[in-house]
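Me: Please take a close look at the unusual backbone geometry in the loops of this model. I would like one connected account.

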Amino acid sequence: MIESLLVANRGEIARRVIRTAKRLGIRAIAVYSEADADLPFVAEADEAVLIGPPNPAQSYRNVEAILAAAKSTGAQAIHPGYGFLSENAEFARTVEASGLIWVGPGADAITAMGDKINARNLMAAAGVPVAPGTTDPAADLDAAVAAAAEIGYPVMVKAAAGGGGMGMGVAVDEAALRTEYDKVRAFAERMFGDGSVLIERYFPRVRHVEVQILGLADGRVVALGERECSVQRRNQKLVEESPSPAVSPELRQRFLAAAVRAGEAVGYRNAGTVECLLDPTTNEFFFLEMNTRLQVEHPVTEYVYGIDLVEEQLRVASGLAPTFDPDALTPSGHAVEMRINAEDPKRFLPGPGVVKTWVEPTGAGVRVDSGYTGGNTVTPFYDSLMAKLIVSGDTREEALERAKAAVAAFRIEGPKNNLPFFAELLENEEFLSGAYDTGIVSRMR
């Protein structure tokens with residue numbers, strides 16, 4: 001097993017990885033920016049290294065500073081968490097070229113799945129269903145218009161190098177396409193350094209369902225069930241649950257088999273997620289993208305399968321067998337995760353500030369993965385995620401009842417937060433029925 005691990009991230013995910021590392025007797029090393037010096041993950045690490053000012057480009061995306069910290073502390077491996085450099089293939093290659101262990105998929109798999117058009121084509125060749133769309137980037141506006149006419153409106157205009165719900169727009173006709181194409185292309189160039197755009201069929205009523213995969217050290221790829229991720233604002237997730245209330249046993253087998261084929265197609269190792277869109281009227285699903293990292297919502301899978309995904313990541317990176325029997329995976333119960341963000345609960349606009357009160361809920365089936373505590377400051381430099389509230393139960397109904405109590409007991413004063421939204425959602429008949437889709441938040445607003 002790896003003996004020392006540097007976590008190249010911050011906040012709740014750094015704290016989460018550090019917790020498992022220390023449980024396993026692995027020396028946990030944190031890196032932090034000047035803005036994060038007082039956060040819990042820094043204090044809980046066995047060692048912590050200041051790597052730069054608040055600007056992520058000068059700290060959490062600063063490859064030289066991170067590698068220097070690894071060298072000075074004698075780290076054996078690097079875990080990238082999610083976001084920042086986690087899906088940067090060049091960083092993964094540089095880590096391994098430096099003689100360190102990369103706790104994640106190989107750089108070639110990250111490259112293959114990082115370009116949405118290339119990923120679509122690879123999945124289609126592997127027999128994974130893909131939505132109607134372009135097989136090459138739309139070179140210019142005229143090409144985009146021609147592609148949309150062939151696919152049929154409405155269409156989704158997507159940044160080929162995008163991810164995490166960023167760099168997307170919907171066009172219901174040619175006039176809207178002309179606007180969205182320029183907007184998405186400019187955003188993609190600014191954010192990703194790549195203005196390539198693809199055009200796909202857009203499904204107005206659709207569910208977002210993803211499958212957790214794990215590429216084992218022996219070369220096998222296993223699927224650890226599905227997660228429902230349809231409660232979203234601006235294409236970014238707010239709530240995830242497992243199993244999906246929309247997925248029957250027969251459909252589940254199709255999902256899992258497709259996800260395994262996707263992983264096998266790129267020789268996948270370590271943790272990853274195959275994201276799909278599900279048409280609830282036909283039970284057809286289509287590949288959306290593969291996230292070549294640990295997902296924010298991994299805890300719901302951990303509850304349902306009774307495993308620690310970070311531990312499994314570390315075992316794969318160490319060349320060890322998993323803690324579970326891949327041929328006897330048995331899910332049990334239901335779990336729901338809510339992302340507690342520092343944002344206005346109505347318009348979802350960021351609301352940083354000093355945390356004056358922080359009281360986490362406790363009780364049966366309740367877990368909080370938090371990045372902050374009382375006295376900390378939520379700054380505007382990073383993502384607004386403050387914590388994840390994860391609640392489980394033997395049934396969906398029990399999990400949701402516990403979730404209501406946990407949301408009511410969670411007290412945060414200081415920064416704006418979206419706890420009131422979750423209280424509203426947990427009384428919403430559409431959500432409680434399980435028959436919801438990605439439009440549920442807009443219908444609530």
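Reply: What follows goes through the cis peptide bonds and then the positive phi angles.

This is a predicted model, in which local features need pLDDT of at least 70, side-chain atom pairs count only at pLDDT 80 or more, and totals for chains, interfaces and linings use all residues. Residues are numbered from 1 along each chain as its sequence is written, and side-chain values use heavy atoms, with hydrogens and water left out. Helices (H or I, at least four residues) and strands (E, at least two) are DSSP runs, numbered from the N terminus.

Start with the prolines. Tyrosine 153 is linked to proline 154 by a cis peptide bond, with omega near 0 degrees. Proline 154 sits in the loop that runs between α7 (141-151) and β6 (155-159). Between serine 242 and proline 243 the peptide bond is cis, with an omega of about -5 degrees. The loop between β11 (236-242) and α9 (249-265) holds proline 243.

Next come the phi angles. Asparagine 283 is not a glycine, yet its phi is positive, at about 65 degrees. This asparagine 283 belongs to the loop between β12 (270-279) and β13 (284-291). Phenylalanine 348, also a residue other than glycine, has a positive phi near 60 degrees, and it is placed in the loop between β14 (334-341) and β15 (353-354).

Accessibility is the last point. Buried means under 20% relative accessible area, exposed over 50%, and partly exposed in between (1.4 Å probe, protein chains only). Asparagine 283 has 30% relative accessibility, so it counts as partly exposed. Phenylalanine 348 counts as buried because its relative accessibility is 5%.
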